[in-house]
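Let us walk through this model by question and answer. Keep the view open as you read.

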Amino acid sequence: MNPNVGKADKSVRLVLALVLFSLFFILQGDARWWGLLGFVPLVTALMNWCPLYTLFGINTCKRQQQ
């Protein structure tokens with residue numbers, strides 16, 4: 001797996017994960033479980049790899065110059 005998530009994209013994913021996790025504590029009843037979706041952007045940010053980016057051929061990492 002080659003990294004395909006750049007620094008700016010990683011920062012956005014981490015903020016999104018925090019926002020989604022906060023829903024777990026803010027919402028009531030069964031709706032609060034939507035907050036666990038925060039694991040998706042968190043894991044993709046920590047791994048620097050997004051399976052959807054691979055599927056669509058997107059790469060937000062800076063290219064290494066040789």
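Q: Which residues make the nonpolar surface patch of about 640 Å²?
A: This is a predicted model. Residues in a patch need over 30% relative accessible area. The patch covers about 640 Å². Its members are Met1, Trp33, Leu36, Phe39, Val43 and Met47.

Q: Is Val43 buried, partly exposed or exposed?
A: Val43 sits in helix α2, which spans residues 39–47. Its relative accessible area is 40%. Buried means under 20% and exposed means over 50%, with partly exposed in between. Because 40% falls between those limits, Val43 is partly exposed.

Q: Is Pro41 buried or exposed?
A: Pro41 is another residue to find in helix α2. Its relative accessible area is 7%. The cut-off for buried is under 20%. So Pro41 is buried.

Q: How far apart in space are the C-alpha atoms of Pro41 and Leu18?
A: Along the chain, Pro41 and Leu18 are 23 residues apart. In space, their C-alpha atoms are separated by 9.3 Å.

Q: Is Val40 buried or exposed?
A: Val40 also lies in helix α2. Its relative accessible area is 52%. Exposed means over 50%. Therefore Val40 is exposed.

Q: What is the C-alpha to C-alpha distance between Val40 and Leu27?
A: In sequence, Val40 and Leu27 are 13 residues apart. In space, C-alpha to C-alpha, the distance is 19 Å.

Q: Which residue forms a salt bridge with Asp9?
A: A search of the whole structure finds one salt bridge. The nitrogen and oxygen must lie within 4 Å. Here the closest N and O atoms are 3.3 Å apart. The partner of Asp9 is Arg13.

Q: Which helix holds both Asp9 and Arg13?
A: Asp9 and Arg13 are both buried. They are four residues apart, about one turn of the helix. That helix covers residues 7–26 and is α1.

Q: Is Leu20 buried or exposed?
A: Leu20 is found in helix α1. Its relative accessible area is 18%. Buried means under 20%. So Leu20 is buried.

Q: How far apart in space are Leu20 and Trp49, C-alpha to C-alpha?
A: Leu20 and Trp49 are 29 residues apart in sequence. C-alpha to C-alpha, the distance in space is 20 Å.

Q: Which residues line the largest pocket?
A: About 170 Å³ of space lies in this pocket. By class, its lining has three nonpolar, three polar and three charged residues. The lining residues are Val5, Gly6, Lys7, Ala8, Lys10, Asn48, Thr60, Cys61 and Lys62.

Q: Is Lys62 buried or exposed?
A: Lys62 is one of the residues lining the largest pocket. It lies in the segment after α3 (51–56). Its relative accessibility is 81%. Because exposed means over 50%, Lys62 counts as exposed.

Q: What distance separates the C-alpha atoms of Lys62 and Lys10?
A: Lys62 and Lys10 both belong to the lining of the largest pocket. They are 52 residues apart along the chain. Their C-alpha atoms are separated by 13 Å.

Q: What is the phi of Asn48?
A: Asn48 is in the loop between α2 and α3. At 24% relative accessibility, Asn48 counts as partly exposed. Asn48 is not a glycine, although its phi is positive. The value is about 60 degrees.

Definitions and conventions
Residues numbered from 1 in each chain as written. Predicted model: local features only at pLDDT ≥ 70, side-chain atom pairs only at ≥ 80, totals over all residues. Heavy atoms only, no water. 1 Å grid on protein atoms, 1.4 Å probe; cavity = no way out; pocket = protein on both sides within 12 Å on 5 of 7 lines; lining within 4 Å. Points joined across faces, edges and corners; volume = space filled by probe spheres on them. Nonpolar A, V, L, I, M, F, W, Y, C, P; charged D, E, K, R; others polar. Patch = residues over 30% accessible without salt bridge, like charges linked within 9 Å, V, L, I, M, F, W, Y side chains within 5 Å. Areas by Shrake-Rupley, 256 points an atom, 1.4 Å probe, with all protein chains shown as cover. Salt bridge = Lys/Arg side-chain N within 4 Å of Asp/Glu carboxyl O. Helix = DSSP H or I, 4+ residues; strand = E, 2+ residues; numbered from the N terminus. Buried < 20%, exposed > 50% of the residue type's maximum accessible area, 1.4 Å probe, protein only.
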